[in-house]
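Subject: Structure for your files, with notes

Hello,

Here is the structure I promised to send over. My notes follow below it.

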Amino acid sequence: MLLLMTVEPGFGGQSFLDLVLPKLRRARAMVQRHGASVWLQVDGGVSEETIERCADAGADVFVAGSAVYGADDPAAAVQALRRQAERATEQSGWPG
């Protein structure tokens with residue numbers, strides 16, 4: 001597993017850093033090019049607004065803290081994020 005932090009490490013509730021998406025795309029391309037079996041994980045700012053972009057860029061493991069624990073119904077938030085991630089991963093065009 002390769003972890004890419006999508007916020008500055010340190011505390012929850014930060015804004016997602018879009019500048020990590022090109023790095024994620026490069027990492028996914030390298031994994032594919034070498035035929036490796038590596039999960040690409042993103043951690044930080046993962047929410048309903050960002051999870052699909054992460055999946056499209058190559059992530060297949062997602063850490064969502066504030067989006068889950070700050071929700072009125074954390075279980076429903078997890079289910080919604082999972083559905084979004086699964087749908088986006090299927091449509092991403094890279095073998096996951």
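Is Asp18 buried, partly exposed or exposed? Asp18 counts as partly exposed, at 40% relative accessibility. Please keep in mind that this is a predicted model, and that the notes below describe that model.

Salt bridges

The count comes to three salt bridges. I take them one at a time.

Asp18 is paired with Arg53, and their closest N and O atoms are 3.4 Å apart. Arg53 belongs to helix 2 (residues 51–57), while Asp18 sits in the loop between strand 1 (2–5) and helix 1 (20–33), so this salt bridge ties together parts that are 35 residues apart in sequence. Arg53 is partly exposed, with a relative accessible area of 34%.

Arg28 and Asp60 make another salt bridge, with 3.2 Å between the closest N and O atoms. Here too distant parts of the chain are linked: Arg28 is in helix 1 and Asp60 in the loop between helix 2 and strand 3 (61–63), 32 residues apart. Arg28 has a relative accessible area of 6%, and it is called buried because the limit for that is under 20%. Asp60, at 24%, is partly exposed.

The remaining pair is Glu52 with Arg87, where the closest N and O atoms lie 3.8 Å apart. Glu52 is in helix 2 and Arg87 in helix 4 (residues 74–91), which puts the two 35 residues apart in distant parts of the chain. Glu52 is partly exposed at 35% relative accessibility, and Arg87 is partly exposed at 41%.

The sheet

Three strands form an open sheet in the order 1-2-3, with parallel pairing. Strand 1 and strand 3 are the edge strands, each pairing on one side only. From one strand to the next, the twist averages 20 degrees.

Strand 1 and strand 2 run parallel and are joined by four bridges. Within this pairing, Leu3 stands opposite Gln41 of strand 2. Between these two strands the chain passes through helix 1, in a β-α-β crossover that is right-handed.

Strand 2 also pairs with strand 3 in the parallel sense, over three bridges. Gln41 appears again here, standing opposite Val61 in strand 3. Further along, Asp43 has Val63 in strand 3 as its bridge partner. Strand 2, helix 2 and strand 3 together make a right-handed β-α-β unit.

In a regular strand, side chains alternate between the two faces of the sheet. That may help when you look along the strands.

The nonpolar core

The largest nonpolar core has 17 residues. Those with the most contacts inside this core are Leu21, Leu24, Leu40, Val42, Ile51, Cys54 and Ala59. At least two residues each come from helix 1, strand 2 (40–43), helix 2 and helix 4. Helix 1 gives the most, with five residues.

Which residues does Leu24 touch, leaving aside those up to four places away in sequence? They are Leu4, Leu40, Val42, Cys54, Ala57, Gly58 and Ala59.

If you open the model, Leu24 is one place to start on the core, being among the residues with the most contacts inside it. For the salt bridges, Arg28 is a place to start, since this arginine is buried while its partner Asp60 is partly exposed.

Regards

Methods: Residues numbered from 1 in each chain as written. Predicted model: local features only at pLDDT ≥ 70, side-chain atom pairs only at ≥ 80, totals over all residues. Heavy atoms only, no water. Salt bridge = Lys/Arg side-chain N within 4 Å of Asp/Glu carboxyl O. Buried < 20%, exposed > 50% of the residue type's maximum accessible area, 1.4 Å probe, protein only. Core = buried A, V, L, I, M, F, W, Y, C linked by side-chain atoms within 4.5 Å. Contact = heavy atoms within 4.5 Å. Pairing = 2+ DSSP bridges. Right-handed = clockwise from strand over helix to strand, strands pointing away. Axes fitted to C-alpha atoms, helices over the stretch in contact; angles between N-to-C directions.
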